[in-house]
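Please load the model and keep a selection panel at hand. The tour below goes stop by stop, saying what to select and what is there.

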Amino acid sequence: MRNTVKLTGAVAAAAVLTLALGACSAPSDPDVDRSDSASSPLVVGATSVPHAEILEYVKKDLAPKEKLKLDVKIYDDYQLINPATKDNTLDANYFQTKEFLDDWNKKNDGDIVPVANVHVEPMGLYSKKHKSLSDLGSGDTIGVPSDAPNQARALKLLDKEGVIELKADAPAVPGLNDIGDKKGLKITEAKAETLAPTLPDYDAAVINGNYAIAGKLSPKKDSLALESAKNSPYANFLAVDKSKKNDERVQKLAKLLNSDQVKKFIETHYKDGSVLPSFGKTS
């Protein structure tokens, strides 16, 4: 009986303690920012060039002064970055354009939002077999990215340069079926990241700026055609899941990425014009 009384008293005491702790806890509020401590590292996913290079510069030279810790995760396959941001493996990412993000959010029920534009990488048409656009002829094969946003961007460049002709009623995001006149060319799709390494397998290929840089291609010197960076809708930006938009660490990083120091770093580190500053909020 004595043991029973002691056990009952212990249980009662534990219950009282549980109730007391519960009374001290705030109820769950979906509108309250539940981000990690400001002292915790901000985990940011990025492709290697130039995104991770810019982030590493910020991490080493700028972030310590703002008491911001960064953990930069490099991805070879950019298709994995948004999913990792959605499931909170990453706190933020830096690799994409608004068109790409809108398409991904729509297809994956995502709620990732842009925070601040950082730079533009002009997309270009490259070749190891031809020296100019006029050298392209019937039967030649041109590689383009397989994902819808980058494929549309590539086709618009080819259309603008007269390499192909898109249909008059082509949608805002055209695909291969929206080509009205291929002019005898064979347009084939492949993952964007594979086009630079396999460029010799094509007569020409449209390659994203970051993959061109990684493939030792100079947009200014090696491209047969290159997008204009002026008023480009293809700025690359810092992005987060909407729930983390007001995270203090995210706001600090956005401010640093739009700083004069980063502008100077971009202009001096990428002298061939392959990466251009494009600061500010996304539209």
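Which helix gives the largest share of the lining of the second largest pocket? Select helix H5, residues 148–160: H5 supplies 4 residues of that lining, the largest share. Bear in mind throughout that this is a predicted model.

**Stop 1: the second largest pocket**

Extend the selection to the whole lining, which consists of Arg153, Lys156, Leu157, Lys160, Leu226, Glu227, Ser228, Ser232, Pro233 and Tyr234. The space in this pocket is about 180 Å³. Coloured by residue class, the lining shows 4 nonpolar, 2 polar and 4 charged residues.

**Stop 2: the whole protein**

Clear the selection and show the protein as a cartoon. There are 10 helices and 13 strands. The protein has 283 residues, and 47% of them count as buried. If contacts are taken between residues at least 6 apart in sequence, 73% of them join residues at least 24 apart.

**Stop 3: helices H2 and H9**

Select H2 (residues 48–62) together with H9 (residues 248–257). Their axes come within 11 Å and cross at roughly 100°. An angle from 65 to 115 degrees counts as roughly perpendicular, and H2 and H9 are therefore roughly perpendicular to each other.

Now show side chains where the two helices meet. On the H2 side these are Ile54, Leu55, Val58 and Leu62, and on the H9 side Leu253, Leu256 and Leu257. The contact of H2 with H9 is made of 7 nonpolar residues, with no polar and no charged ones.

**Stop 4: along H2**

Stay on H2 and select Val49 and Pro50. The peptide bond between valine 49 and proline 50 is cis, with omega about 0°. Proline 50 belongs to helix H2.

Next select His51, also in H2. Is histidine 51 buried or exposed? Its relative accessibility is 0%, so histidine 51 counts as buried. Beyond its neighbours within four places in sequence, histidine 51 contacts Ala46, Tyr94, Phe95, His119, Glu121, Asn210 and Asn236. To check one of these pairs, put a distance label between the C-alpha atoms of histidine 51 and asparagine 236: they are 8.8 Å apart in space and 185 residues apart in sequence.

**Stop 5: the largest cavity**

Keep Asn236 shown. How many cavities of 30 Å³ or more are there? The count comes to 1. The volume of the largest cavity is about 170 Å³. Its lining has 15 residues, and Phe95, Asn150, Asn208, Asn210 and Asn236 are the closest to its centre. S3, H5 and helix H7 (209–214) are the elements that each give two or more residues to this lining. By class, the lining of the largest cavity divides into 4 nonpolar, 9 polar and 2 charged residues.

Three residues named here, Phe95, Asn210 and Asn236, are also contacts of histidine 51.

**Stop 6: asparagine 93 on S3**

Select strand S3, residues 92–96, and pick out asparagine 93 in it. With a relative accessible area of 0%, asparagine 93 is buried. Apart from neighbours within four places in sequence, asparagine 93 is in contact with Val44, Gly45, Ile81, Asn82, Thr85, Ile112, Phe237, Leu238 and Ala239. Label the C-alpha distance from asparagine 93 to alanine 239: the separation is 5.3 Å, across 146 residues along the chain.

**Stop 7: three lysines in loops**

Select Lys244, in the loop between strand S12 (236–241) and H9. What is the relative accessibility of lysine 244? The value is 12%, and lysine 244 therefore counts as buried, the cut-off being under 20%. Not counting residues up to four places away in sequence, lysine 244 touches Asn88, Leu90, Asp91 and Val250.

Move to Lys67, in the loop between H2 and strand S2 (70–75). The phi angle of lysine 67 is near 55°, a positive value in a residue other than glycine. Lysine 67 has 70% relative accessibility and so counts as exposed.

Finish at Lys183, in the loop between strand S8 (179–181) and strand S9 (186–190). Phi of lysine 183 is also positive, near 55°. The relative accessible area of lysine 183 is 36%, so this residue is partly exposed.

Methods: Residues numbered from 1 in each chain as written. Predicted model: local features only at pLDDT ≥ 70, side-chain atom pairs only at ≥ 80, totals over all residues. Heavy atoms only, no water. 1 Å grid on protein atoms, 1.4 Å probe; cavity = no way out; pocket = protein on both sides within 12 Å on 5 of 7 lines; lining within 4 Å. Points joined across faces, edges and corners; volume = space filled by probe spheres on them. Nonpolar A, V, L, I, M, F, W, Y, C, P; charged D, E, K, R; others polar. Axes fitted to C-alpha atoms, helices over the stretch in contact; angles between N-to-C directions. Parallel < 35°, antiparallel > 145°, perpendicular 65-115°, else oblique. Contact = heavy atoms within 4.5 Å. Buried < 20%, exposed > 50% of the residue type's maximum accessible area, 1.4 Å probe, protein only.
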